Amino acid sequence: MKKGLFIFLLGFFSIFTAFAQQTIIKGSVKDAISFEPIPDVTITIEETQQTTQTNSFGEFVFSSNVPLGEQVLKISKEGYVNKRYPIVVNEGQTVNITDMTLEFDALDASDLFTISLSDDELDDDTSASDNISGLLSSSKDIFQRTAAFEFSPSFFRVRGLDSDNGSLLINGIEMNKLYNGRPQWSNWGGLNDVLRNQELTSGLTPSAYNFGGILGSTNINVRASQARPGGRVTYSSSNRSYTNRLMVKYASGLVEGGWAYTISAGRRWGNEGYQDATLYDSNSFFASVEKKINDKHSLNFTGIYAPNRRGKSSPNTQEVFDLKGIKYNEYWGWQDGKKRNSRIKEVEEPIIMLNHYWNINSKTTLNTNVAYQFGKLGNSRLDYNGNSLMPSGDIEGGGANPSRAYYQLLPSYLLRNFPDNPEFAFGAQQEFVNNGQINWNSLYQSNIANANSGLNSIYVLYEDRVDDTQTTINSILNTELNENIILNASINYKHLKSENFAEIIDLLGGTGYLNVDGFDALQFDLQNPNQIADVGDTFRYNYNLTADIISGYAQAQFKYNKVDFFLAASVTNTQYQREGLYENEANIGNSFGKGENLTFTGIGAKGGLTYKITGKHVLDINAGYITKAPSLRNTYTNSRSNHDIININSSGTIISGEGITEEKITSVDASYIFRSPIVKAKLTGFYTTIKDANEISFFYADGVGGFFDDNDIAQSNEFISEVLQGIDKRHIGAEFGIEAQVTPTIKLKAAGSFGQYTYDNNPNLYVSADDQTVSFGVATLKDYKLAVGPQKAYSVGFEYRDPDYWWFGATANFFDDTYVDVSPLVRSSNFYKDPLDGLPFNDYDEDLARELLRQEKFDNYMVVNLIGGKSWRVGEYFIGFFASIGNVFNTEYRTGGFEQGRNANYRELRDDKALNTPVFGPKYWYGRGTNYFVNLNFRF
């Protein structure tokens, strides 16, 4: 009896002693005003990134693998201001921090970010506007925030990369378009308040949802049960893209019966933004309903409908900007006392999705998703080449280019061609300055006159349409194998049918449009010759593209006290096919019916290591290798006309180099991270190569050789598709961000990026026109700079946050090394050869040629931005106001531009550049001058 009691007491005290010697961190979190406990607060030990959450009493505890020494606890919850608490942990002791407080974020500084991104900065048709700001908007990293919200108006690209190198997901479903790989931001525009819950992984770091790209991935979580309960009404005014914005949102949170819902509606509108006649008309609707079936299963339905229309603005030559200013837009003209823009982009692509969430056990979840997207995307423009079929059987007609910025109407053209009559140029200058817009009335008058004579329309307004239907199905598995190892995996399937056609939307007073190519009198559709197209009819081109993609990835994350590392791999099968619905007369036998079924196999492998030197000092290294299919846009040489794919003609013959293949991307980055209660800093170096990329462009060229008419007479002027195949690029540089909370109210911050982004080879070049293809060997592009916005960007600034809930901030941003996009055709063998006989020019001057081909570098510049706000708490309600002023000092600067390929050879370019004002100088985009944004919201 005594022996048994002795053993029992010995065991009891041994267990008690062991527990007493256990290292523990525990504490509690309360509201700074009400002092009530706050549940579901995330507590993070920054050195190890271990996390836990407070319970219903606001309490938390860490009891396993607790790191020793100086540590920092990060306390965070949506809707509250984050805090960081330094602590010292000794082995075998308990650190007890009770009654830590969080202040409600009455300022809701996230508004600062979500509203400063205007849609045209995120989503445009021009390469100069390809922008990854939206992918970074949820980042807490100081450099990425700066890149998204300070650098974006200059169309800065992180690491010089396009946005197709990052993934955008909503509830685990990737939303990047298969056509170009980029997110279509306007599909969910105007719904800021329901898109705040975002999870960002930057670069090659691991994501729990997909393999991602070399710019990482962003998942927007719109589950109804995870939305912050309450409502918000917001009104905004701006002179950037739209004039007015109104948004309403309400989230129920989880209510009785296991239901939760979130609804939102918004409207953005304005007659014009910063550029002339850039109208904006957008409505947005959102609904998310979730049913929690039990503790293991939940179903969530989401619907997004955000139809929008906006007027486009034109890039212009410096001659045009000098005469009309940076707000000038050639696409519009007056009609019935109103500005009418001929280039309208209209997007109407609803999204519906169903998500099933299965908590298999406390450590394993399976998320299965189905999404369906459908609708239309249209870009309108004027056609001025309408013809009529005459009794003789001839095709006659055609009109003048209606743009008042057309080169033959500008002073430079008249000075070049009529140097002895300067009055011609002066008259053109005065006409352009005073009447520099489309004359809609004259277009109507020409068409009405034709109709009265029994002829067809010369001018029509039509729309390039893309009507996509896409189905996506995926399953995402996340499981914690043990306290140190997490496994992520997913499998995905996408099917796309893309209907592409041109549709007449306005005959402009005429009676019909003859569906014949006015340049060469060839039928656009031999199956229906001499068709007279009316409003709502398709014409010019009509074809379908289909894509089927199956992919999967697996990833293992290993987390330990001093070291974290991960390994991930992916495989993707991509299939494309074109189906022509028109038989194009210039491409008989190669345009109608189904083309070749193309198959690509992409693989990905990446890994990374994080070494925690101390709680303050961290090293992070990541590397990856990815191969991926080219986008649909960069697969077909001219999908509107034929089945030809890049570098392979209709007979299957490789034109030059190798046939189309997957892009190959290699990337590595290394970072040093410093974190203390006062200072947070990160310095990263990166190196990326892209190989076997393709690019296609379309333009009218003078002086291009190798083309012949039906009588075998050489033709030097053609509308061509220019194909670059096998492009290699190199991106090398460094980026940094640092912020210091120097006082409880003042924070200083700085960020910067300096890189060198260049072509790394001389890619193959060929051009096509109708059924003819000409190879020019290679384009000598190696070491030319990529036109990816500023390659150097720096920002310094401060924020002042007053205890009385008002705040103010200012930044100065510096930009340098921005280059014009060079013309590949001008840097090929076509440049030094006579287009008519193919022989080298006998007056070719190498020194002059080298100067002519020098890449233009834009002037550096500085932009200063201001922002501030004030919030009021009225009982349980909050009123917030803030305003921002961009480009305070009205700095005039170029954000991008491109050389016109019109002057395709030495003589053409030499004679043009000899003028004080070139006729075909580069076209530029300019940034906005001083602009503003004002926002008022009411939260309940």
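Salt bridges are a good way into this predicted model: the structure holds 43 of them. Side chains of opposite charge can pair when their charged atoms come close. Let's walk through a few of these pairs and see which parts of the chain they bring together.

Start with E739 and R145, which form a salt bridge whose closest N and O atoms are 3.2 Å apart. E739 sits in strand β38 (residues 714-741) and R145 in helix α5 (residues 142-149), so this contact ties together parts that are 594 residues apart in sequence. Are the two partners buried or exposed? E739 has a relative accessible area of 7%, which makes it buried. R145 is buried too, with a value of 14%.

Next up is K494, whose side chain meets that of E174 in a salt bridge, 3.0 Å from N to O. Here again distant parts of the chain are linked: K494 belongs to strand β28 (residues 485-506) and E174 to strand β9 (residues 173-174), 320 residues apart. The two ends of this pair fall into separate accessibility classes. K494 is buried, its relative accessible area being 9%, while E174 counts as partly exposed at 25%.

A third pair joins D817 to K792, with 3.6 Å between N and O. D817 is in the loop between β43 (806-816) and α10 (846-852), K792 is in strand β42 (residues 792-801), and 25 residues separate them along the chain. Once more there is a buried end and a partly exposed end: D817 is buried at 11% relative accessible area, and K792 is partly exposed at 30%.

Not every salt bridge here is a simple twosome. D834, D843, R907, R910 and D911 are linked in a network of salt bridges.

Charge also shows up on the surface in another way. Which residues gather in a patch of negative charge there? They are D520, D710, D712, D770 and D771. Take D520 as a sample member: it lies in the loop between β29 (513-514) and β30 (532-533). D520 has a relative accessibility of 31%, so it counts as partly exposed. Patch members need over 30% relative accessible area and no salt bridge.

Now for the strands. β34 (residues 598-612) and β35 (residues 617-628) pair in the antiparallel sense over nine bridges, and a hairpin of four residues joins β34 to β35. To find this pairing on screen, pick L609 and look across to I621 in β35, its bridge partner. β35 also pairs with strand β36 (residues 663-675), again in the antiparallel sense, this time over twelve bridges. There, H617 has F674 in β36 as its bridge partner.

Much earlier in the numbering, strand β1 (residues 24-31) pairs with β4 in the antiparallel sense, over four bridges. A handy marker is K26, whose bridge partner in β4 is V61. In a regular strand the side chains alternate between the two faces of the sheet. What does that look like in β4? Strand β4 (residues 59-62) has a covered face made up of F60 and F62, and an uncovered one with E59 and V61. V61 therefore turns up twice in this picture, as the bridge partner of K26 and on the uncovered face.

Another stop is an open sheet of three strands, in the order β18-β47-β46, with antiparallel pairing. Which strands stand at the edges? β18 (316-317) and β46 (894-898) do, each having a single partner strand, so one side of each is left without a neighbour in the sheet. The antiparallel contact between β46 and strand β47 (residues 923-926) is made by four bridges. In that contact, G896 has W925 in β47 as its bridge partner.

Finally, have a look at W334, which is found in strand β19 (residues 332-335). Its relative accessibility is 48%, so W334 counts as partly exposed. How far apart are the C-alpha atoms of W334 and W358? They are separated by 58 Å, with the two residues 24 residues apart along the chain.

Key
Residues numbered from 1 in each chain as written. Predicted model: local features only at pLDDT ≥ 70, side-chain atom pairs only at ≥ 80, totals over all residues. Heavy atoms only, no water. Patch = residues over 30% accessible without salt bridge, like charges linked within 9 Å, V, L, I, M, F, W, Y side chains within 5 Å. Areas by Shrake-Rupley, 256 points an atom, 1.4 Å probe, with all protein chains shown as cover. Salt bridge = Lys/Arg side-chain N within 4 Å of Asp/Glu carboxyl O. Lys, Arg positive; Asp, Glu negative; His and termini not counted. Charge placed at Lys NZ, Arg CZ, Asp CG, Glu CD. Helix = DSSP H or I, 4+ residues; strand = E, 2+ residues; numbered from the N terminus. Buried < 20%, exposed > 50% of the residue type's maximum accessible area, 1.4 Å probe, protein only. Pairing = 2+ DSSP bridges.
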